[in-house]
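This report walks through selected local features of one protein model, beginning with a charged pair and moving on to empty spaces, the surface and the backbone. Please keep the sequence and the structure at hand while reading.

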Amino acid sequence: MSTTIEGGDAGTGAGPDTPPAAPRKKFEFPGPITMLAIVMIVVWLVALAVPSGVFRHDADGAPIPGSFQHIPSPLTFWQRVQQLILAPVNGLYGIRDSVSGFVDTDALGHLFGSVGVVMFIMSLGVFLSVSFATHSLEVAVARLGERLRTRGWLLIVAIMLLFSVLGSTMGFSVETFGFYGLLIPLMLAMGFNRMVAAMTIIVGAMIGCAASTVNPFSIGVASGEAGVSIGDGIVLRIALWVVMTAVAITYVVRYALRVQRDPSRSLVGFETPDTEATDLAEENLEVTTEELRRLTGTQKWVLAITGFTFALMIFSVIPWSAIFGASTGPAEYELQHQTAAEPYWFELNWWFPQLTMLFVLAAIVVGVVARMGEKKLVSLITRGVGDMVGPAIVILLAQGVSVIMTNTQTIDTALNAMENLVSGASAGVFSILAMLVNIPLAFLIPSASGHATLAMPLLAPLGEFAGVNRALVITAWQMGHGLTMLVSPTNVVVAGGLAMAKVGYDRFVRFIWPLLLVLLVIAAAALGIGAALG
């Protein structure tokens, strides 16, 4: 005979008034700001255990192979704690001392922090806030999305191909921040999701940077440090660019079509275009169905201003002389955006200060054309800046990681470990190892020009001992750095882009890791074949 307890669950003793047990809360991956803060703390803890060390440098500032020596830590434990606390501040506007190399807000030297990038994305927020208030972009996006809904994949291919070409030839990456406000609502209108929009931008630009051909800020610097022409090894680099770009575009388009057919297979969920438009421009006037069918004269002017502004941005940052002149030598992308080549007469050589004011002035022009009052325009400008505070914090935290490694003088220790790992390897093994050992270095040194300046003087002569020509060593280094930048949270293009697109880093990793694995295999095979052919 079974025994039951009346009014309760058998065997539990729970009465009718007993509240149900609270469901166990599932683990949620931290947001981008929390994640970058955790990464910064982890790097700081690792730096505590890594001994400090330095290489001697030649007259050009390049490390001399075999000259590494350990040194006492330049910082006490309390000073290291201070470095952790001040890392976000130094990551924003820290100055790198021209003599000691130490990064601090009171140093004398050149800007190391990312305040230029932060101001740039805030100006983008201003422009998008003002432009979306006119509803011109909403109407244009709705109409374009309606026309391209069955052919949206062609737009993905075109955008990714364009960004890949620009990335491969001139390192076009941070400038892509300007396209999120345009592409996200457009992708949603075509039945895709935020992941598709973010990957169209991030993967498109970063695959081009990874497979750089004549990019003066990576290949140009590396060639100068290795003492070879920028054209050496270009056949292999072009072949890699073609194959890797085709694989990346196919991968993103395949995912896009899959989620368009079956929204339940989306990694990030779906939002309607109307929701997205509300997020981007919280205007207190609703757009009627009639207004979505036609563009007014004012809205056409706003679209013309938008098109001109983005076209001018792209034209103004391209280093035409460095690309067509195929020059090598010192160059810096993230900070000064300068190359060794003499600029052509038509080059503007703009960078973050000029781009920031370009979008601010364009926003004001839109406000004037749309006949907004002063109070409304200022309110929209303020709102636009506020919309970008989250991505700005992510960017300065990512730069703060580099500050910690620089000030604790542990980067040279990592370089020495790289030097020891590849020494004495055979040609085929060396070419692949040269790619792999630069992966952790790229995580710590996101700047391609900075990474090349430190790594190539050590790798190039070691490659000769292994029977690997210097051009192939450059390609191996570029593969290691570029493919790491495709996924690294210390890369502001990835961290900032995901924050702007509101895509979680965990979801991004789930999406990108199969593609990254395929690209690594392709790169390793190409390097192995290149080493075998000499």
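R470 and E464 are joined by a salt bridge in which the closest N and O atoms lie 2.9 Å apart. The model is a predicted one, and the values given here are computed from its atoms. A search of the whole structure finds 2 salt bridges, and the other pairing brings together the side chains of R507 and D506, with an N to O distance of 3.9 Å. Both distances can be set against the cut-off for a salt bridge, which asks for a side-chain nitrogen of Lys or Arg within 4 Å of a carboxyl oxygen of Asp or Glu. In general, side chains of opposite charge can pair when their charged atoms come close.

How accessible are the partners of these bridges? R470 counts as partly exposed because its relative accessibility is 22%, where the class begins above the buried range of under 20%. E464 is also partly exposed, at 47%. In the other pair, R507 has a relative accessible area of 32% and is partly exposed, while D506 falls into the partly exposed class at 25%. The table sets out the two bridges.

| Salt bridge | N to O distance | Relative accessibility of the Arg | Relative accessibility of the acidic partner |
|---|---|---|---|
| R470 with E464 | 2.9 Å | R470, 22% | E464, 47% |
| R507 with D506 | 3.9 Å | R507, 32% | D506, 25% |

**Pocket and cavities**

Rolling a probe the size of a water molecule over the atoms shows where empty space is left. The second largest pocket has a volume of about 440 Å³. Its lining is made up of 21 residues, and F179, L182, L183, L186 and T306 are those that lie nearest the centre of the pocket. Four helices, namely α4, α5 (152-170), α6 (180-189) and α11 (297-317), each contribute at least two residues to this lining. In character the lining of the second largest pocket divides into 18 nonpolar and 3 polar residues, with no charged residue.

Turning to enclosed space, the count comes to 3 cavities of 30 Å³ or more. The largest cavity has a volume of about 40 Å³, and P32, M35, L36, V394, P489, A495, L498 and Y505 line it. The elements that give two or more residues to this lining are α1 (32-49) and α21 (492-501), and α1 gives the most, with 3 residues. The lining of the largest cavity consists of 8 nonpolar residues, with no polar and no charged ones.

**A nonpolar patch on the surface**

On the surface, I85, L86, V89, Y93 and L111 form a nonpolar patch whose accessible area together is about 410 Å². Which helix supplies the largest share of the nonpolar patch? Helix α2 (residues 77-93) does, with 4 residues. Y93 is placed in helix α2, and this residue counts as partly exposed because its relative accessibility is 41%.

**Contacts across the sequence**

Two pairs of residues show how separated parts of the chain are placed in space. V389 and V118 are 271 residues apart in sequence, yet their C-alpha atoms are 8.6 Å apart. V389 belongs to helix α15 and is partly exposed, with a relative accessibility of 35%. In the other pair, R147 and M190 are separated by 43 residues in sequence and by 8.7 Å from C-alpha to C-alpha. R147 is part of helix α4 (residues 136-148), and its relative accessibility of 57% makes it exposed, since that class requires over 50%.

**Positive phi angles outside glycine**

Two loop residues deserve a look at the backbone. R371, which is not a glycine, has a positive phi of about 55°, and it lies in the loop between α13 (352-369) and α14 (374-387). R371 is exposed, with a relative accessible area of 66%. Q409 also is a residue other than glycine with a positive phi, near 55°. Q409 is located in the loop between α15 (389-407) and α16 (411-422), and at 26% relative accessibility Q409 counts as partly exposed.

Methods. Residues numbered from 1 in each chain as written. Predicted model: local features only at pLDDT ≥ 70, side-chain atom pairs only at ≥ 80, totals over all residues. Heavy atoms only, no water. Buried < 20%, exposed > 50% of the residue type's maximum accessible area, 1.4 Å probe, protein only. 1 Å grid on protein atoms, 1.4 Å probe; cavity = no way out; pocket = protein on both sides within 12 Å on 5 of 7 lines; lining within 4 Å. Points joined across faces, edges and corners; volume = space filled by probe spheres on them. Nonpolar A, V, L, I, M, F, W, Y, C, P; charged D, E, K, R; others polar. Patch = residues over 30% accessible without salt bridge, like charges linked within 9 Å, V, L, I, M, F, W, Y side chains within 5 Å. Areas by Shrake-Rupley, 256 points an atom, 1.4 Å probe, with all protein chains shown as cover.
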